[in-house]
Amino acid sequence: MEMTRIADLVNPEVMADMISGKIDKKIVVAPFAKVDKTLAGVAGDTIVVPQYSYIGDADDVAEGDEVGTTKLITTTTEATIKKAMKAVELSDEAVLSGYGNPIGETNNQLALAIAAKVDNDAMDALQTASVVYEDDGIISYDGIIDAIDKFGEEVNCQKVIFVHPTQLTQLRHDPDFISCEKYSGEVVMTGEIGMIANTRVVPSKKVPLVEGKYICPIVKLDFDAETEDETPALTIYLKRDTNVEVERQTLKRVTDISVDKFYTVVLSNESKVVLAKFDSVGE
(Lines give C-alpha, C1' and ligand atoms only; values in the text may rest on other atoms or scores of the structure.)
Protein backbone atom coordinates (compact mmCIF):
# COMPACT_ATOMS: atom_id res chain seq x y z
CA MET A 1 0.00 0.00 0.00
CA GLU A 2 1.48 3.35 -1.05
CA MET A 3 1.98 5.83 1.81
CA THR A 4 0.26 9.22 1.61
CA ARG A 5 2.87 11.98 1.79
CA ILE A 6 2.20 15.51 2.95
CA ALA A 7 4.21 16.82 -0.02
CA ASP A 8 1.72 15.14 -2.34
CA LEU A 9 -1.20 16.88 -0.65
CA VAL A 10 0.33 20.35 -0.36
CA ASN A 11 1.11 21.74 -3.83
CA PRO A 12 2.06 25.46 -3.67
CA GLU A 13 1.28 26.14 -7.33
CA VAL A 14 -2.19 24.58 -7.14
CA MET A 15 -2.89 26.34 -3.83
CA ALA A 16 -1.81 29.69 -5.27
CA ASP A 17 -4.27 29.38 -8.15
CA MET A 18 -7.07 28.33 -5.82
CA ILE A 19 -6.41 31.12 -3.35
CA SER A 20 -6.18 33.75 -6.12
CA GLY A 21 -9.59 32.69 -7.39
CA LYS A 22 -11.10 32.80 -3.92
CA ILE A 23 -9.63 36.26 -3.23
CA ASP A 24 -11.43 37.81 -6.19
CA LYS A 25 -14.75 36.42 -4.96
CA LYS A 26 -14.29 37.50 -1.37
CA ILE A 27 -13.37 41.14 -2.05
CA VAL A 28 -16.38 43.45 -1.57
CA VAL A 29 -15.10 47.03 -1.72
CA ALA A 30 -12.58 46.73 -4.54
CA PRO A 31 -14.28 44.99 -7.51
CA PHE A 32 -14.64 48.31 -9.35
CA ALA A 33 -11.00 49.27 -8.85
CA LYS A 34 -8.61 49.11 -11.76
CA VAL A 35 -5.83 46.56 -11.27
CA ASP A 36 -2.53 47.88 -12.64
CA LYS A 37 0.17 45.24 -13.13
CA THR A 38 2.78 47.45 -14.79
CA LEU A 39 4.93 47.37 -11.63
CA ALA A 40 5.47 43.61 -11.87
CA GLY A 41 9.15 42.95 -12.48
CA VAL A 42 10.09 46.63 -12.11
CA ALA A 43 12.65 47.67 -9.50
CA GLY A 44 11.68 49.84 -6.54
CA ASP A 45 8.86 49.89 -4.01
CA THR A 46 7.64 53.52 -4.25
CA ILE A 47 5.59 54.86 -7.14
CA VAL A 48 4.32 58.29 -8.11
CA VAL A 49 0.59 58.11 -8.81
CA PRO A 50 -1.25 60.79 -10.84
CA GLN A 51 -4.46 61.96 -9.18
CA TYR A 52 -7.24 64.26 -10.35
CA SER A 53 -8.26 66.95 -7.88
CA TYR A 54 -11.94 67.83 -7.48
CA ILE A 55 -12.89 71.08 -9.25
CA GLY A 56 -15.41 72.07 -6.58
CA ASP A 57 -19.19 72.30 -6.41
CA ALA A 58 -21.18 74.05 -9.12
CA ASP A 59 -21.98 77.77 -8.69
CA ASP A 60 -25.26 79.67 -8.92
CA VAL A 61 -25.20 81.87 -12.03
CA ALA A 62 -27.83 84.52 -12.78
CA GLU A 63 -29.36 84.88 -16.24
CA GLY A 64 -26.96 86.59 -18.64
CA ASP A 65 -23.99 86.32 -16.25
CA GLU A 66 -20.86 84.44 -17.16
CA VAL A 67 -19.68 81.55 -15.05
CA GLY A 68 -16.10 81.57 -13.88
CA THR A 69 -13.75 78.85 -15.07
CA THR A 70 -11.86 76.38 -12.94
CA LYS A 71 -8.62 74.73 -13.93
CA LEU A 72 -8.58 70.94 -13.87
CA ILE A 73 -5.54 70.09 -11.80
CA THR A 74 -3.69 66.81 -11.84
CA THR A 75 -1.65 66.26 -8.71
CA THR A 76 0.62 63.41 -7.81
CA THR A 77 0.90 61.34 -4.69
CA GLU A 78 3.51 58.80 -3.65
CA ALA A 79 2.44 55.28 -2.78
CA THR A 80 4.62 52.59 -1.29
CA ILE A 81 4.12 48.96 -2.17
CA LYS A 82 3.23 46.89 0.88
CA LYS A 83 3.40 43.20 1.61
CA ALA A 84 0.31 41.51 3.04
CA MET A 85 1.09 38.09 4.48
CA LYS A 86 -0.52 35.28 6.46
CA ALA A 87 0.69 31.81 7.45
CA VAL A 88 -0.79 28.57 8.78
CA GLU A 89 1.02 25.61 10.36
CA LEU A 90 -0.41 22.12 9.77
CA SER A 91 0.70 19.05 11.67
CA ASP A 92 0.78 15.69 9.92
CA GLU A 93 -1.88 14.46 12.33
CA ALA A 94 -4.20 17.30 11.31
CA VAL A 95 -3.70 16.65 7.60
CA LEU A 96 -3.94 12.85 7.70
CA SER A 97 -6.63 12.30 10.30
CA GLY A 98 -8.08 15.73 11.03
CA TYR A 99 -11.76 16.54 10.84
CA GLY A 100 -13.00 17.65 7.42
CA ASN A 101 -10.52 18.99 4.88
CA PRO A 102 -7.70 20.86 6.65
CA ILE A 103 -5.90 21.81 3.42
CA GLY A 104 -9.08 23.10 1.79
CA GLU A 105 -9.91 25.05 4.93
CA THR A 106 -6.39 26.49 4.90
CA ASN A 107 -6.97 27.70 1.35
CA ASN A 108 -10.22 29.37 2.40
CA GLN A 109 -8.77 31.00 5.49
CA LEU A 110 -5.65 32.31 3.73
CA ALA A 111 -7.75 33.70 0.87
CA LEU A 112 -10.11 35.39 3.32
CA ALA A 113 -7.21 36.93 5.26
CA ILE A 114 -5.55 38.45 2.18
CA ALA A 115 -8.85 39.56 0.65
CA ALA A 116 -9.91 41.28 3.86
CA LYS A 117 -6.61 43.18 3.97
CA VAL A 118 -6.94 44.41 0.37
CA ASP A 119 -10.55 45.37 1.04
CA ASN A 120 -9.63 47.27 4.20
CA ASP A 121 -7.02 49.23 2.28
CA ALA A 122 -9.54 50.00 -0.46
CA MET A 123 -12.02 51.40 2.08
CA ASP A 124 -9.25 53.42 3.74
CA ALA A 125 -8.34 54.90 0.34
CA LEU A 126 -11.96 55.89 -0.31
CA GLN A 127 -12.09 57.65 3.05
CA THR A 128 -9.40 60.10 1.87
CA ALA A 129 -11.78 61.68 -0.68
CA SER A 130 -12.33 65.41 -0.20
CA VAL A 131 -15.96 65.74 -1.37
CA VAL A 132 -18.23 65.34 1.64
CA TYR A 133 -21.98 65.52 2.16
CA GLU A 134 -23.19 65.65 5.77
CA ASP A 135 -26.82 64.85 6.55
CA ASP A 136 -28.67 65.81 9.70
CA GLY A 137 -30.49 62.49 9.98
CA ILE A 138 -30.27 58.78 9.24
CA ILE A 139 -29.66 57.37 5.78
CA SER A 140 -32.55 57.96 3.38
CA TYR A 141 -33.49 58.44 -0.27
CA ASP A 142 -33.46 62.23 0.10
CA GLY A 143 -30.06 62.19 1.76
CA ILE A 144 -28.53 59.95 -0.90
CA ILE A 145 -30.00 62.16 -3.66
CA ASP A 146 -28.44 65.24 -2.07
CA ALA A 147 -25.11 63.42 -1.77
CA ILE A 148 -24.95 62.21 -5.37
CA ASP A 149 -25.84 65.70 -6.60
CA LYS A 150 -22.33 66.59 -5.41
CA PHE A 151 -21.04 64.80 -8.51
CA GLY A 152 -22.63 67.44 -10.75
CA GLU A 153 -23.44 64.83 -13.38
CA GLU A 154 -24.75 65.57 -16.85
CA VAL A 155 -25.65 61.91 -17.27
CA ASN A 156 -26.96 59.81 -14.40
CA CYS A 157 -24.37 57.05 -14.10
CA GLN A 158 -24.53 53.92 -11.99
CA LYS A 159 -23.04 54.14 -8.53
CA VAL A 160 -22.50 52.06 -5.45
CA ILE A 161 -22.91 53.18 -1.85
CA PHE A 162 -21.24 51.23 0.92
CA VAL A 163 -23.32 51.24 4.10
CA HIS A 164 -22.84 49.71 7.52
CA PRO A 165 -25.03 46.64 8.17
CA THR A 166 -26.79 48.49 11.00
CA GLN A 167 -28.12 50.95 8.40
CA LEU A 168 -29.89 48.25 6.40
CA THR A 169 -33.09 48.33 8.45
CA GLN A 170 -33.33 52.08 7.94
CA LEU A 171 -32.90 51.66 4.18
CA ARG A 172 -35.33 48.76 3.87
CA HIS A 173 -38.06 50.83 5.51
CA ASP A 174 -37.52 53.60 2.95
CA PRO A 175 -40.30 53.34 0.31
CA ASP A 176 -37.80 54.17 -2.47
CA PHE A 177 -35.53 51.24 -1.66
CA ILE A 178 -35.68 48.38 -4.21
CA SER A 179 -34.63 44.97 -2.92
CA CYS A 180 -32.35 43.01 -5.27
CA GLU A 181 -34.87 40.17 -5.73
CA LYS A 182 -37.17 42.69 -7.42
CA TYR A 183 -34.62 43.69 -10.06
CA SER A 184 -35.45 43.28 -13.71
CA GLY A 185 -31.74 42.81 -14.31
CA GLU A 186 -28.99 40.95 -12.46
CA VAL A 187 -26.95 41.81 -9.40
CA VAL A 188 -23.57 43.10 -10.58
CA MET A 189 -21.78 43.85 -7.31
CA THR A 190 -20.52 41.36 -4.74
CA GLY A 191 -22.75 41.67 -1.68
CA GLU A 192 -25.29 43.92 -3.38
CA ILE A 193 -28.64 43.82 -1.53
CA GLY A 194 -30.67 46.43 -3.39
CA MET A 195 -30.81 49.85 -5.03
CA ILE A 196 -31.89 53.34 -4.10
CA ALA A 197 -31.68 56.45 -6.30
CA ASN A 198 -30.04 54.39 -9.07
CA THR A 199 -27.31 53.55 -6.57
CA ARG A 200 -26.42 49.97 -5.71
CA VAL A 201 -26.30 49.25 -1.98
CA VAL A 202 -23.55 47.05 -0.55
CA PRO A 203 -23.27 46.51 3.22
CA SER A 204 -19.81 46.41 4.74
CA LYS A 205 -18.64 46.48 8.34
CA LYS A 206 -15.63 48.40 7.05
CA VAL A 207 -17.77 51.57 6.81
CA PRO A 208 -16.43 53.65 9.73
CA LEU A 209 -18.46 55.27 12.49
CA VAL A 210 -16.95 58.63 13.45
CA GLU A 211 -18.51 60.92 16.05
CA GLY A 212 -21.93 59.32 15.75
CA LYS A 213 -22.03 59.34 11.93
CA TYR A 214 -21.40 56.58 9.43
CA ILE A 215 -19.14 57.74 6.58
CA CYS A 216 -20.59 55.96 3.54
CA PRO A 217 -18.58 56.22 0.30
CA ILE A 218 -20.61 56.67 -2.88
CA VAL A 219 -18.55 55.66 -5.90
CA LYS A 220 -19.30 56.17 -9.58
CA LEU A 221 -19.10 52.89 -11.48
CA ASP A 222 -19.69 54.22 -14.99
CA PHE A 223 -18.33 57.21 -16.82
CA ASP A 224 -19.83 59.83 -19.08
CA ALA A 225 -17.89 59.41 -22.33
CA GLU A 226 -18.38 63.08 -23.22
CA THR A 227 -17.11 64.54 -19.99
CA GLU A 228 -14.91 61.97 -18.26
CA ASP A 229 -11.95 59.76 -18.96
CA GLU A 230 -11.45 56.17 -17.94
CA THR A 231 -9.60 56.92 -14.69
CA PRO A 232 -11.40 54.93 -11.96
CA ALA A 233 -11.97 56.00 -8.38
CA LEU A 234 -9.52 53.40 -7.08
CA THR A 235 -6.45 51.74 -8.52
CA ILE A 236 -4.76 48.65 -7.11
CA TYR A 237 -1.11 48.64 -8.11
CA LEU A 238 0.02 45.02 -8.08
CA LYS A 239 3.71 44.30 -7.68
CA ARG A 240 3.32 40.55 -7.21
CA ASP A 241 0.10 38.58 -7.16
CA THR A 242 -0.79 35.84 -4.71
CA ASN A 243 2.27 33.76 -3.87
CA VAL A 244 2.23 30.59 -1.77
CA GLU A 245 5.30 29.05 -0.18
CA VAL A 246 5.56 25.82 1.79
CA GLU A 247 8.24 24.94 4.32
CA ARG A 248 8.59 21.48 5.79
CA GLN A 249 9.85 21.12 9.37
CA THR A 250 10.83 17.45 9.40
CA LEU A 251 11.81 17.22 13.08
CA LYS A 252 8.37 18.45 14.14
CA ARG A 253 6.46 16.78 11.30
CA VAL A 254 4.64 20.00 10.53
CA THR A 255 4.20 22.01 7.34
CA ASP A 256 4.14 25.81 7.28
CA ILE A 257 2.05 27.33 4.48
CA SER A 258 2.37 31.07 3.91
CA VAL A 259 0.77 33.40 1.39
CA ASP A 260 1.72 36.93 0.42
CA LYS A 261 0.64 39.69 -1.95
CA PHE A 262 2.64 42.82 -2.85
CA TYR A 263 0.38 45.76 -3.74
CA THR A 264 -0.91 49.19 -2.82
CA VAL A 265 -4.33 50.82 -3.17
CA VAL A 266 -4.69 54.52 -4.01
CA LEU A 267 -7.52 56.95 -4.66
CA SER A 268 -6.81 57.71 -8.30
CA ASN A 269 -9.83 59.91 -9.13
CA GLU A 270 -11.46 61.61 -6.17
CA SER A 271 -14.03 63.29 -8.43
CA LYS A 272 -15.73 59.90 -8.55
CA VAL A 273 -16.19 59.61 -4.79
CA VAL A 274 -18.52 61.39 -2.38
CA LEU A 275 -18.39 60.63 1.33
CA ALA A 276 -21.95 60.73 2.69
CA LYS A 277 -22.26 61.11 6.47
CA PHE A 278 -25.45 59.89 8.13
CA ASP A 279 -26.47 59.59 11.79
CA SER A 280 -26.05 56.15 13.30
CA VAL A 281 -29.47 56.33 15.00
CA GLY A 282 -32.64 58.30 14.44
CA GLU A 283 -33.35 61.36 16.52
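This passage describes a four-stranded sheet, a helix packed on that sheet, and the surroundings of one loop residue, E153, in a predicted model.

The sheet is open, and its four strands follow the order 1-12-13-4 with mixed pairing. The edges are formed by strand 1, residues 34-36, and strand 4, residues 82-91; each has a single partner strand, so one side of each lacks a neighbour in the sheet. On average, and with direction ignored, neighbouring strands of this sheet are turned by 30 degrees against each other.

Strand 4 is paired with strand 13, which spans residues 254-267. The pairing between these two strands is antiparallel and extends over 10 bridges. Within this region, E89 is found opposite D256 of strand 13. Helix 4, made up of residues 102-126, packs on the sheet. Helix 4 touches strand 4, strand 13 and strand 12, the last of these covering residues 234-249. The direction of helix 4 makes an angle of about 20 degrees with that of strand 13.

E153 is located in a loop that runs between helix 5, residues 141-148, and strand 6, residues 159-163. The relative accessibility of E153 is 26%, which lies between the limits of 20% for buried and 50% for exposed residues, and E153 is therefore classed as partly exposed. When residues up to four places away in sequence are not counted, E153 is in contact with K159 and K220. In addition, the side chain of E153 reaches the backbone nitrogen of C157 at 3.2 Å.

Terms used
Residues numbered from 1 in each chain as written. Predicted model: local features only at pLDDT ≥ 70, side-chain atom pairs only at ≥ 80, totals over all residues. Heavy atoms only, no water. Pairing = 2+ DSSP bridges. Axes fitted to C-alpha atoms, helices over the stretch in contact; angles between N-to-C directions. Contact = heavy atoms within 4.5 Å. Buried < 20%, exposed > 50% of the residue type's maximum accessible area, 1.4 Å probe, protein only. Polar contact = N/O pair within 3.5 Å; in protein donor to acceptor, adjacent residues only side chain to side chain.
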